Amino acid sequence: MKVLKSGAKLNKWQKVVLSSVILFFLLVLFSPLPSPLFNTPHTTTLHASNGQLLSAAIARDQQWRFPISDSIAYKFRTAIRIYEDEYFYYHLGVNPVSIARAVWQNSKAGKIISGGSTLTMQTIRMAYGNKPRTYGQKIIELFAAVKMELFYSKSEILKTYADNAPFGGNIVGISAASYRYFGRAPHQLSWAEAASLAVLPNDPSSIYPGKNEEAFLKKRNKLLTKLFDKSIIDEDDLFLAKQEPLPQKVKSLPNNAYHLLHRKMSEGKTGISIHSTLDANLQKRAANLVNIYSKRWAGNQVHNAAAIMVEIETGNVQAYVGNSANLGQHGQYVDIITAKRSPGSLLKPILYAAALDEGLIMPNQLLPDIPLFYRGFSPKNFDRKFRGAVPANQALTSSLNVPFVHLLIEYGYEKFHQKLQKMGMASLDKPASHYGLSLILGGAETTLDELTSIYAGMARSYVRFSERPLNKGCSSSDYFQNHSEQINPIPEELEEYGNLAAPSLGFTFRAMQQLNRPGQEAGWEQFNSAKPIAWKTGTSFGFRDGWAIGITNKHVIGVWMGNADGEGRPGLTGVQAAAPLLFQLLELLPGDADFNQPFGSPQKICTLSGMRASTLCEETFSISTPNYLESTPTCTYHQILHLDKSEAFQVNSDCYKVSSIKNKPWFILPPVQAWYYQKYHPAYKKIPPLAPDCKGDNKLNTFELIYPRQFTKVYIPIEQDGNRGFAIFEAAHQDKNATLFWHLDDTYLGLTEGNHQMSIKATKGRHLLTIVDSNGNELKRNFEIIN
């Protein structure tokens with residue numbers, strides 16, 4: 001063999017060969033490859049924490065084309081290669097043998113019946129948009145295929161083909177085909193199923209599930225036999241695979257967590273695979289319970305329900321049911337979990353815990369439950385009754401409005417507004433003055449998402465109090481497995497302010513465990529045998545929203561019932577509508593609620609007042625309290641009274657022998673509180689009057705004016721006859737049998753007994769109201785009548 005020497009000239013044939021090689025590679029290099037190869041929209045898919053498909057939304061071009069896969073399942077990869085391009089791993093994009101065979105077959109038939117295309121060439125053909133088959137187009141695809149082999153690995157080429165191959169109808173790609181024909185992921189397919197899908201892309205319009213089944217079956221079994229001949233499957237596998245039926249029709253894709261999928265899509269996350277923290281089994285069972293339960297309420301024209309279940313330890317949302325799936329046009333596509341609604345009483349536990357943190361109250365301390373008129377705001381309890389004074393924990397358990405408005409006044413609604421914002425209530429987008437005291441009664445809208453997140457944060461702070469403080473709640477990142485989206489920690493300057501101390505949360509959760517739910521929460525008895533969880537319900541004004549929040553040591557569940565359009569319905573209360581669903585959902589979860597962790601050291605508490613016991617408190621009990629509650633005031637309700645021997649009268653040294661005076665501790669409420677309190681507590685002892693023959697002032701307040709307060713501006717409306725009407729003023733006396741004498745600007749108006757209400761008619765301007773009781777005690781109050 002001659003070797004070309006240096007400087008020697010190429011002969012004619014060598015030049016031809018070299019020129020051909022150079023020309024070939026130039027044609028290859030300059031062959032256009034689309035960039036990207038496929039610029040097509042994709043289906044958006046939502047997956048559970050275990051990878052299971054939960055829901056999917058079709059691509060913009062109405063094709064079921066799943067997002068690009070990470071890899072191809074072994075069985076399908078093997079089946080498609082054996083069926084379409086057995087020598088895929090041995091050629092450079094073009095198989096000369098296949099090309100020669102195709103030319104011979106087409107020449108013999110007088111038309112194009114075979115393309116001789118490799119998988120690479122088929123991928124290029126799809127990338128070019130499946131242009132008409134011509135010899136010229138085939139040559140272009142040939143050069144482009146070689147170029148693709150130079151720039152892409154075999155696995156990339158095969159994956160690209162599998163993700164974009166047609167499988168009949170509007171189904172594109174192996175992932176979509178696997179779910180639409182067999183209802184499971186590609187890696188879960190059997191050999192028969194993988195072979196069935198492998199034969200479809202070659203001629204998806206001719207063979208199709210339910211169409212040309214004889215030809216379909218013949219092709220599939222021929223491929224299975226070839227797999228056996230190649231020793232890829234054994235004889236048993238071949239036999240069993242051939243017994244499997246062909247798919248008969250297209251299956252529906254799962255539609256779980258529909259609202260979470262579309263929530264993510266509304267944030268711009270489309271055409272991708274979304275991997276969530278949802279528990280697939282729990283999600284399905286929770287959605288089923290919500291749907292069944294919601295249908296029962298449809299008869300009362302309550303058509304919508306929502307629920308969210310959060311794992312406390314991780315903050316992961318494990319079930320997200322954005323709305324019930326009832327029939328009819330009732331707003332089922334609205335994601336209630338993110339919809340702003342009035343929460344009713346659900347902010348009361350937060351205020352209770354915050355007030356404990358500030359040392360404003362002790363857990364059982366009495367709160368006023370008396371009529372309140374504050375800057376035009378006059379709240380009422382659900383049952384329209386007043387109890388005088390109620391322990392704070394009982395006020396929370398009974399969801400009383402008035403005591404918590406009094407508590408909010410003391411705490412400060414501006415501070416509470418900031419506290420809620422720091423805890424993650426982003427829906428508070430207006431200044432505190434916009435909401436005022438109504439903030440505690442549902443005057444500020446929030447979402448089920450926010451509320452559940454806040455309570456999950458509170459529970460996490462309690463459960464892990466020694467490890468980390470309360471965070472700002474769970475954001476949308478807690479729904480998805482994407483560490484780059486995890487919530488940022490609270491800045492150091494906000495951490496202390498946003499935190500609720502674990503002992504305060506413990507007292508709060510224990511109060512929420514008490515099942516005495518009177519008034520608006522009538523019907524609570526049905527839950528006595530349920531798990532001993534901490535729970536709270538809420539009802540918005542007009543019976544538009546029923547809420548329930550349940551807390552165990554491991555999970556927080558939020559439930560909402562109502563109508564998406566905001567229509568109120570009778571009986572739509574938290575306890576009647578939402579609580580039963582809450583307890584059904586709790587049965588799906590393990591664990592109970594134990595919030596009895598002791599904090600601090602035992603402290604004596606006055607039984608009657610709930611404050612730290614003073615030396616005057618005769619009845620006490622002990623609870624463990626943290627150090628920040630050790631400096632709260634001692635009982636101010638017990639005072640020493642100087643009594644005669646019979647204890648029927650108060651006396652002093654001017655009228656009674658000092659050695660005979662009995663000094664006795666006495667539980668004394670302010671007059672207005674006492675007037676209402678004694679209706680519910682017959683054992684309450686009224687203050688003994690001053691003995692008739694004793695001189696001097698009784699320094700204890702015996703009566704008060706409920707309305708108006710000092711310097712109140714009063715508007716009296718004009719009646720139909722054109723004259724100004726009346727204002728109703730009200731007073732309360734320690735002695736329920738007392739008589740009160742009413743005077744306006746030194747003019748006597750009349751007397752009242754028992755129920756001390758007086759109709760007042762006055763002209764515009766300032767006035768002085770004077771009230772005198774039968775013992776000569778006097779009360780004066782300035783007020784102003786305005787237009």
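**Exercise 1.** How many of the 11 residues of helix α13 (residues 348-358) are buried, and why is the helix called largely enclosed?

*Solution.* The model is predicted.
Step 1. Apply the cut-off: buried means under 20% relative accessible area.
Step 2. Find the residues that pass. They are Lys 348, Pro 349, Ile 350, Leu 351, Tyr 352, Ala 353, Ala 354, Ala 355 and Leu 356.
Step 3. Conclude. Nine of the 11 residues are buried, so α13 is largely enclosed by the rest of the structure.
Step 4. Look for the cover. It includes α14 (392-397), α15 (401-411) and β10 (534-539).
Step 5. Move just past the helix. Gly 359 takes a positive phi of about 75 degrees.

**Exercise 2.** Find which cysteines form the disulfide, and examine Cys 635.

*Solution.*
Step 1. Recall the cut-off: the two sulfur atoms must lie within 2.5 Å.
Step 2. Test Cys 655 and Cys 694. Their S to S distance is 1.4 Å, and a disulfide joins them. The structure holds one disulfide.
Step 3. Place the pair. The two cysteines sit 39 residues apart and link distant parts of the chain. Both Cys 655 and Cys 694 are buried.
Step 4. Test Cys 635. Its closest cysteine sulfur, in Cys 617, is 3.8 Å away, too far for a bond. Cys 635 is buried, at 7% relative accessible area.

**Exercise 3.** Work out which strands are the edges of the open sheet with the order β18-β24-β23-β20-β21.

*Solution.*
Step 1. Read the order. The sheet has five strands with mixed pairing.
Step 2. Pick the strands that pair on one side only: β18 (712-715) and β21 (747-753).
Step 3. Check one pairing. β18 and β24 run in the parallel sense over four bridges. Val 714 has Ile 785 in β24 as its bridge partner.

Conventions: Residues are numbered from 1 along each chain as its sequence is written. This is a predicted model: local features need pLDDT of at least 70, side-chain atom pairs count only at pLDDT 80 or more; totals for chains, interfaces and linings use all residues. Side-chain values use heavy atoms; hydrogens and water are left out. Two strands pair if DSSP finds at least two bridges between them. Buried means under 20% relative accessible area, exposed over 50%, partly exposed in between (1.4 Å probe, protein chains only). Contact means heavy atoms within 4.5 Å.
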